[in-house]
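Got your viewer open? Let's take a short walk, one selection at a time.

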Amino acid sequence: MVKVFKLPRMGATMKEGTVAKHLVKEGDKVKEGDALYEVTTDKITNKAVTDVDGIVRKFLVEEGTKVACQTPVVIVADDENEDISAYL
């Protein structure tokens, strides 16, 4: 299974945020509850966590990049051979 994690909306008025720092690397194994990246807004910094076990396949947003809420940020898949081309 492939899961695409999007920049979360962390408040009712939040429209965008910055992917401040990747907390894992492509190829890393992650478990449910692990932090994937930090999101910074004009008010807070928070960690985006995974709700699935898997392997980090691809970061779609570079560190320091500001993007709109719900923009795809990272792809996690069951294994390193799973086809993610449809999500790129």
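**First stop: a loop residue**

Select Thr41, which sits in the loop between S4 and strand S5 (45-49). Keep in mind as you look around that this is a predicted model.

Is Thr41 buried or exposed? With a relative accessible area of 17%, Thr41 falls under the 20% cut-off, so it counts as buried. Now show what surrounds it: leaving aside residues up to four places away in sequence, Thr41 touches Met10, Met14 and Glu16. Then zoom in on Lys43, whose backbone nitrogen lies 3.1 Å from a polar atom of the Thr41 side chain.

**Next stop: the core**

Select Leu7, Leu36, Tyr37, Val56, Phe59, Val73 and Val74 together. These have the most contacts inside the largest nonpolar core, which has 19 residues. Colour strand S4 (35-40), strand S6 (54-59) and strand S8 (72-77) too, since each supplies at least two residues of this core.

Stay with Leu36 for a moment. Which residues does Leu36 touch, not counting those up to four places away in sequence? Among them are Phe5, His22, Val30, Ala48, Val56, Phe59 and Val74.

**Last stop: the sheet**

Switch to a cartoon view and follow the order S1-S8-S6-S3: these four strands form an open sheet with antiparallel pairing. Strand S1 (2-6) and strand S3 (29-30) stand at its edges; each has a single partner strand, so one side of each has no neighbour in the sheet.

Finish with S6 and S8, which pair in the antiparallel sense over four bridges. Select Ile55, and you'll find Ala77 of S8 standing opposite.

Note on methods: Residues numbered from 1 in each chain as written. Predicted model: local features only at pLDDT ≥ 70, side-chain atom pairs only at ≥ 80, totals over all residues. Heavy atoms only, no water. Core = buried A, V, L, I, M, F, W, Y, C linked by side-chain atoms within 4.5 Å. Buried < 20%, exposed > 50% of the residue type's maximum accessible area, 1.4 Å probe, protein only. Contact = heavy atoms within 4.5 Å. Polar contact = N/O pair within 3.5 Å; in protein donor to acceptor, adjacent residues only side chain to side chain. Pairing = 2+ DSSP bridges.
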